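Open your viewer, switch to a cartoon view and keep the selection box handy. We'll hop from stop to stop, and at each one you select something and look around.

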Amino acid sequence: MSRRVLHFTVIIIAFLAGVLAAMYTRRTAVEPPPLEATVLPLPRALPAFNLIDHAGMPFGPDRLAGHWTFLFFGFTHCPDVCPTTLTTLATAVHALDDLPPEQRPHVVLVSVDPERDTSEILARYVTAFDPSFLGVTGEPGAIATFAEALGIAHAKVPLPEGGYTVDHTAAVLLLDPAGRLAAVFTPPHRGATIARDYRTILTHFAPAD
Amino acid sequence: MLRNLLRYLLPLVMGFAVAADDSAPRVTEAWIRAAPAGVKVLAAYFTLFNPGAMPITLTGAASPRFARVELHRTEMKQGIARMRPASTVTVAPGERLAFESGSYHLMLLEPLTPVREGEHIPLTLHFADGTKVDVVAIVRRAREEDHEHHHHE
């Protein structure tokens, strides 16, 4: 009698454990870990743009196709925020070195100071942080339109001792392989966090198309 | 032997202010962010400690290696990074203030000769009471921990 009860209990426990295990696996498969980045509910397509990369080549929507891109707006006369962010992005991409090449993100710095940031200056600047980084400049109007489409504010501000600085949104943007705005990383930026969030986005939010 | 001794002693001396008395402002961990060749604007960071009984006010700085040195502060407002000149920075008695990324820094403009990683660059900090503090800052790359802000305001 007691033996029968024991058998019954063991079966019930095994069954419940199985159900719980199934629920747990399902849960972890569906629910992504929490993100610090803000993922857009729907990736936002960008209007066409025509900029110039640091090699002097045209930089249009085709240059964002087929890979993920971290986009940051800054300028080379920026001694604090811009080099900090580029160093952080270098840390982030190095932490993603194990991904297959087609899943590794590209990093692009778009200059909000096209007057001073020529292709040559940008080339020297961005590649010092990582040889794979790309600098992009262009006509001030084209930069302004592109920045606005991505929700990036920027304004030239004169300095009392002469010269000027440029206020700009310090967010890092993530564009999906269709060249659409997929996620926004707001400061303060940490390389490890950006890399972790990128993996999560790749696994859980990657577009089906 | 002497060379070895210097090798160990030099880092201890680096970044420390040459202060005449115990109440003089103390500057430690001075460094300049190594920048790509051709960059005209660099930033210097350090920790400023006021061991005295009176507030100290930093009014400016100079370096023989740069045409101009300005006091600046980076502020983040609604996600927008703004860099603004700070005319003075005051440190209360017994307090220390970190000049760090995302906050106060010295903006070093127009290097007179190229600034290379690993170099030691002299800086002089000027205070309102006429005190001048000489500092040697090392040019190095930023480390991730330099970017973790410790603002206890």
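Which residue in E2(B) is the bridge partner of Ile32(B)? Select Ile32(B) and look across to E2(B): the partner is Ala44(B). Before you wander further, keep in mind that you are looking at a predicted model.

**Stop 1: a strand in chain B**

Stay with strand E1 of chain B and select residues 26-33. On one side, E1(B) pairs with strand E2 (residues 41-49) of chain B, antiparallel, over five bridges. Now add strand E10 (residues 132-140) of chain B to your selection: E1(B) and E10(B) run parallel and are joined by three bridges. To see one pairing there, pick Arg33(B), whose bridge partner in E10(B) is Arg140(B). Strands of a sheet pair through backbone hydrogen bonds, and they can do so parallel or antiparallel.

Is E1(B) largely enclosed or not? Six of its eight residues are buried, so E1(B) is largely enclosed by the rest of the structure.

**Stop 2: all of chain B**

Zoom out and colour chain B by secondary structure. You should find one helix and 10 strands. Follow the chain from the N terminus and the helix comes up before the strands, in the order α-β-β-β-β-β-β-β-β-β-β. Chain B has 153 residues, and 43% of them count as buried. Take the contacts in chain B between residues at least 6 apart in sequence: 66% of these join residues at least 24 apart.

**Stop 3: two unusual backbones**

Most residues other than glycine have a negative phi. Chain B has a couple of residues to check against that. Select Gln78(B), which is not a glycine yet has a positive phi of about 50°. Gln78(B) sits in the loop between strand E4 (66-77) and strand E5 (80-85) of chain B. Is Gln78(B) buried or exposed? With a relative accessible area of 83%, Gln78(B) is exposed.

Next select Glu110(B), another non-glycine with a positive phi, this one about 55°. You'll find Glu110(B) in a strand, E8 (residues 104-111) of chain B. Glu110(B) counts as partly exposed, at 38% relative accessibility.

**Stop 4: the sheet of chain A**

Move over to chain A, where the secondary structure comes to five helices and 10 strands. Of the 209 residues in chain A, 47% count as buried. For contacts between residues at least 6 apart in the sequence of chain A, 72% join residues at least 24 apart.

Now select the open sheet of eight strands and walk across it in the order E1-E10-E9-E4-E5-E6-E2-E3. The pairing in this chain A sheet is mixed. Which strands are at its edges? They are strand E1 (38-44) and strand E3 (58-59) of chain A, each pairing on one side only.

Zoom in on strand E4 (residues 69-74) and strand E9 (residues 172-175) of chain A: these pair antiparallel over four bridges. Click on Leu71(A) and you can find its bridge partner in E9(A), Leu173(A).

**Stop 5: helices against strands**

Turn on helix H2 (residues 81-94) of chain A. H2(A) lies across E4, strand E5 (106-111) and E9 of chain A, and runs at about 170° to E4(A).

Then show the side chains of H3(A). Its buried residues are Ser119(A), Leu122(A), Ala123(A), Tyr125(A), Val126(A) and Phe129(A). What do they pack against? The buried residues of H3(A) pack against strand E2 (51-53), H2, E5 and strand E6 (134-137) of chain A. An α-helix has 3.6 residues a turn, so residues three or four places apart point the same way.

**Stop 6: the largest pocket**

Select Ala128(A), Ala34(B), Ala35(B), Pro36(B) and Arg141(B), which lie nearest the centre of the largest pocket among its 24 lining residues. H2 and helix H3 (119-129) of chain A are the elements that give two or more residues to this lining. H2(A) gives the most, with five residues. The volume of the largest pocket is about 490 Å³. By class, its lining has 15 nonpolar, five polar and four charged residues.

**Last stop: a cis bond**

Most peptide bonds are trans. Select Pro187(A) and Pro188(A), which are joined by a cis peptide bond with omega about 0°. Pro188(A) is in the loop between strand E10 (181-185) and helix H5 (191-204) of chain A.

How values were computed: Residues are numbered from 1 along each chain as its sequence is written. Chains are lettered from A and ligands numbered from 1 in the order in which they are written. This is a predicted model: local features need pLDDT of at least 70, side-chain atom pairs count only at pLDDT 80 or more; totals for chains, interfaces and linings use all residues. Side-chain values use heavy atoms; hydrogens and water are left out. Two strands pair if DSSP finds at least two bridges between them. Contact means heavy atoms within 4.5 Å. Axes are lines fitted to C-alpha atoms, for helices over the stretch in contact, and angles run from 0 to 180 degrees between N-to-C directions. On a 1 Å grid over the protein atoms alone, a cavity is a set of points where a 1.4 Å probe fits but cannot get out, and a pocket is an open set with protein on both sides within 12 Å along at least five of seven lines; lining residues have an atom within 4 Å of a point. Grid points are joined across faces, edges and corners, and a volume is the space filled by probe spheres set on the points. Ala, Val, Leu, Ile, Met, Phe, Trp, Tyr, Cys and Pro count as nonpolar, Asp, Glu, Lys and Arg as charged, and the others, Gly among them, as polar. Buried means under 20% relative accessible area, exposed over 50%, partly exposed in between (1.4 Å probe, protein chains only).
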